[in-house]
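Student: I would like to go through this structure and ask what stands behind the words used for it.
Tutor: Good. Here it is.

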Amino acid sequence: MISDEILFYGGIAVDIITAASAIIFFVIFYIGKIKLNIKFDKEYGEIPKIKKRKKE
Amino acid sequence: MPEIIAGTYELLNKIGAGGGGVVYLANHMRLGKKVVLKADKRKITTRPEILRREVDALKDLNHTYIPQVYDFFIEGDTVYTVIDYIDGESMDKPLKRNERFTQPQVIKWAIQLLEALCYLHNPVHGTPPRGIVHSDIKPANIMLTTQNDIRLIDFNIALALGEENVVGLSAGYASPEHYGLDFSTDTTFTNGTNSKSYTKKETVKGNLKEDKTETMADLTATMDKEKVIMSMKPSEMSNSSTSLKRIVIPDARSDIYSLGATLYHFLSGKRPAKRALDVVPLSEKEFSPLIVKIISKAMNPNPDLRYQTAEEMLYDFTHLRENDPRTKKRKKIFIGMSIAFSVVIVSSTFISFVGLKRMEALQKALTFAEASQNALQSENKELAVKCALEALPEENLFTPKYTSQAKKALADSLGLYDLSDGYKISHMLEIPSEVFKIKLSPSGKTGAVVYSFSLALFDTETGKITDELPIVKSALSDVKFIDDNTIVYAGEEGITMYDNKEHKKIWTGKPATHIAVSADGQTVAGIYRDDDFAVIYDCKGNEKSIVSFNGSKQRVAENDTFADPMDNIMALNKNGQYLAVSFENGGLRIFDTTNPENDIELYDESEFNHFEGGFNGDYFAFSATKEGLSAFDVIDIAKLEEVGGFNLDSKIGVKADENGIFLSNKSTVVALEPLSGKQTELAYADSYVKCFSSDNGNTIAVTEKNEYLFYDSSADLITRHNEGQTEYSFVDIAGDCAVVTGRDTPNIKILHKKSYEDKSICSYDKSYAYEEARVNEAEERLMLFSINGFRIYDFDNNLIKEVSIPDPQKIYDQQYSKKSGNLAVIYKDAFRLYSGITGECLFEKTDLKSVTYANYGVSILDSENNLQLIDLDTAEILESGKAKGDYALYCGFIADKDFLGDSQVIGASKTSKGYVFASVNNNICTVYDGEKRKKCEIPISDKWEAFFTDNAIILSPLHGTPIVYDLNSGKKIAELEKDAYLTYVTQIDDYIISQYVSSTKDKYAVLLSKDTFEPLAYLPSLTDISEGELVFDYHKGELRKIRIYPINELINIAKEGDNY
């Protein structure tokens, strides 16, 4: 039988571990994104934003 | 000398020449701007709309990547078109030089071209508005500026969308439609390429002509069967040899094909195959798969499977990063992980929240359970039940299971397991301020309480106030009951008679604080504070007379808010003729309200400062008290003589009315027979009695210990209440009701006499001295036993047998067998077994080496070392055998010296799982089963006794707290009652009952949870368990039985409220 204390402190522990994991994941993810963007810059160049022309 | 055309354009140099004409770089002389002057080689006799085609196409256009047209004129035989000069070169030139372009460069130009195409195709140009198809997009028609941007040029064969006219054909760049091929019904090009034709991988080499646009006019002669003249009529089309040949009007999708082919060339450096079906897709290893895919789609032979608009293609080019598989894969991972993290965090937060809420609920439940126990100690039963219910909220996700503390609080507060007769608290009434006086009606159904400064009437059954009446602002304010429904009280406007049934005043007289009412209810007397006269009324409120005290006054403090109304006597006799009044000067007089000449002066003046007393028939009984002396006298009013009296050095309390004359002194309360002087004891307390009340044989006495004690007509103490904090000053008892309160508390305890005779199962002579009362399993016999002997009663309350036990001082233990009712008497060296039915001795053996009791039989070891196990119910020998040493017992096997060594057995039992016993050696308790297997070891440090349940061993020290251990693991489970000696442990269904003897020799038991051994209910005076029910013995001559209430039933009883 899981005690209420285990529920409470276990839940908090999982929260903390998950939050820390999430932070690490997102940091790694964004580093990867930056690397990919550099790769894209080499592969596709800088793609200009297209402004819609007004109807004449 | 430079040539000047049309007087405006100064030709600077020739920058190109072809089939269409010559192109010059010219200077616009007026604007000073460089322009391109295109001299058309066609004759001016050519249809003007053909000559003006480019001008007409460009004149309405204004776009960054499309040149602006400035002028169109004819000079001589030549048609000139003036357009923007673009500083750079056409893209075919670097291609011819075999220059290769990077993918990012091509993407940039593709976007610029597509922007231009979007603009061109947009149906907004000219009048009426229309879109324009370039129709000849190819590297040669794309200028690369020095800024590395592109411009789309050469609109010579541009068409309005939907226009059927001359079409340019640039091999490799022209769409199948340009050749009149229609693949629109072929759905095999779904991936943008033609799988059918890749077997013939043909790249365009020398078979293709130069990058030259051929107009339809040029091509008429050379066109093969794949080429269709766009101007062919449908009738002519039907004669074509191939079904693919259709009249096809180039549209935006044709430009898209051409653009795709151009980009293909830019990237690969190779012109695409002339036949669309032969085009080899770009390598995905060499170029980004997405780019390959876009170009393949743009070059799909089936126009329906190409990009349908330039916008679509532009979108794909501008969203290369977003649509890249790597981006999509990362996006999927990102979303997946985000969802996973979110789900985990939300779940764990929810779980944590649930845990927190459950912990809070548990803490709340424990707090309420404690509050309930505190309220119960304060004898506030209603609050105790209320708190206990709060401690037992309905179980759900956020609320844990009922705690044992809460269960115990509810069971204890309901008091269902207290079957003793006596006065039990039924209500706690709280009034706004401290009490001045309290009275009960003759039947005890109504109570009246005086406080500052109101009179409250309350119903003792419900504990609710029914009336609140204003009174004189004095602590002396009095109230008297005439009958259950009528009171006389010191009303704010004057002495008032009030009908508390109809809730209305009957009459009001002059102001009064002290009030006396005659026993017949016909006469009322009132004195206001320290007035020297009393007003006498009849029962209708008429003034009968005024009794003058001749200047004497009752004892009244200056500030009568703090006056003690009990210091004075003011009483009327039964018919209201005589009025007894004490005075502050120590005087005591009996006034004849009808004839002042018959007044009786008991004390003219004295040092007594406290008087108590009243009339009983013709007798006036009183006590007069001063420091160190209290005088009691009884006066016969009719004979005008003293019939008795005495002096004591301690205060004598006197209450006299038509119920009798009652005296209290020190710790005793007695009833006095005035004529004979006979005293009948009503109460005998263990400390001085402060105040008392007696009615119909029931007496309540408050002692200096702040206990209030109830005695029955035999002066037997029936109920003891010891709340310990409140100083009780006022008590009254009437009928089955009693009220108790103090000067310093606003709380009034209302008690009712309760009897549980209906729970009685058998009776006995309560004068017989015994230690324990037990009933056998069949409920046929009751046995009362002690070391001296026993008595057996049947359940018809007949004494069956009284037996004396020999050598009582040598008795080591006595054990009762529930099944048969037999009594085992165990000596150190002898064993006797007595029948629980007849009382005869069933087994007797002396000169034994050892005698050991267990619930499955008694093991005796004789001097010949024969071990026998004697059945407690039949006295038969169950097991026998030889044993070694001076001690042995049977526990599934013969445990003798060989097995035990120096160990000492401290308990043995047969549970539902078999034999089990515990032995101790070197402070280690070892538990074995009947197969000699060791179950667990428990370190101990004292002399212990062992009790067993199915799953636990309870080790009880001689001095200390019994501890429960798991039978298999030896792990500690719980601690039991402190400061009490454990005598029995019994298992019933889901409960364990532990029985104790307290340090004050009181016997009680605690109902425990079977698994956790947590207490569930306090069971005072429990003596036995019969048929799964609890049997209580209050040493009052009968045993009472009640079942164990499950917690849900207790909750229902508590919620119903009035049933407990």
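**Terms and what supports them**

Tutor: Chain A has one helix and zero strands. Keep in mind that this is a predicted model.

Student: How many of the residues in chain A are buried?
Tutor: Of its 56 residues, 29% are buried. A residue gets that word if its relative accessible area is under 20%. Chain A exposes about 4,500 Å², and carbon and sulfur atoms supply 69% of that area.

Student: What makes S7, S9 and S10 of chain B an open sheet, and which are the edge strands?
Tutor: The three strands stand in the order S7-S9-S10, with antiparallel pairing. Strand S7 (88–90) and strand S10 (150–152) of chain B each pair on one side only, and these are the edge strands. From one strand to the next the twist averages 25 degrees.

Student: How do you know that S9 and S10 of chain B pair?
Tutor: Pairing requires at least two bridges between two strands. Strand S9 (residues 142–145) of chain B and S10(B) have three bridges, in the antiparallel sense, so they count as paired. In S10(B), B:Ile150 is the bridge partner of B:Leu144.

Student: What lies across these two strands?
Tutor: Helix H4 (residues 103–121) of chain B lies across S9 and S10 of chain B, at about 30 degrees to S10(B).

Student: Which elements supply the largest nonpolar core?
Tutor: That core has 63 residues, and B:Phe155 is one of those with the most contacts inside it. Among the elements that each supply at least two residues are helix H1 (4–44) of chain A and helix H7 (252–268) of chain B. H4(B) gives the largest share, twelve residues.

Student: Why is this core said to lie between two domains of chain B?
Tutor: Domain 1 (1–85) and domain 2 (91–323) of chain B both give residues to the core, so it lies between them.

Student: What does B:Phe155 touch?
Tutor: Leaving out residues up to four places away in sequence, B:Phe155 touches residues including B:Arg53, B:Leu58, B:Leu120 and B:His134.

Student: Why is H8(B) called mostly covered?
Tutor: The word rests on a count: seven of the ten residues in H8(B) are buried, with the cut-off being under 20% relative accessible area. Among the buried ones are B:Leu290, B:Ile291, B:Ile294 and B:Ser296.

Student: What do the buried residues of H8(B) pack against?
Tutor: They pack against H1 of chain A, and also against H4, H7, H9 and helix H10 (320–323) of chain B.

Note on methods
Residues numbered from 1 in each chain as written. Chains lettered and ligands numbered in written order. Predicted model: local features only at pLDDT ≥ 70, side-chain atom pairs only at ≥ 80, totals over all residues. Heavy atoms only, no water. Helix = DSSP H or I, 4+ residues; strand = E, 2+ residues; numbered from the N terminus. Axes fitted to C-alpha atoms, helices over the stretch in contact; angles between N-to-C directions. Contact = heavy atoms within 4.5 Å. Core = buried A, V, L, I, M, F, W, Y, C linked by side-chain atoms within 4.5 Å. Buried < 20%, exposed > 50% of the residue type's maximum accessible area, 1.4 Å probe, protein only. Domains from an automatic or database assignment. Areas by Shrake-Rupley, 256 points an atom, 1.4 Å probe, with all protein chains shown as cover.
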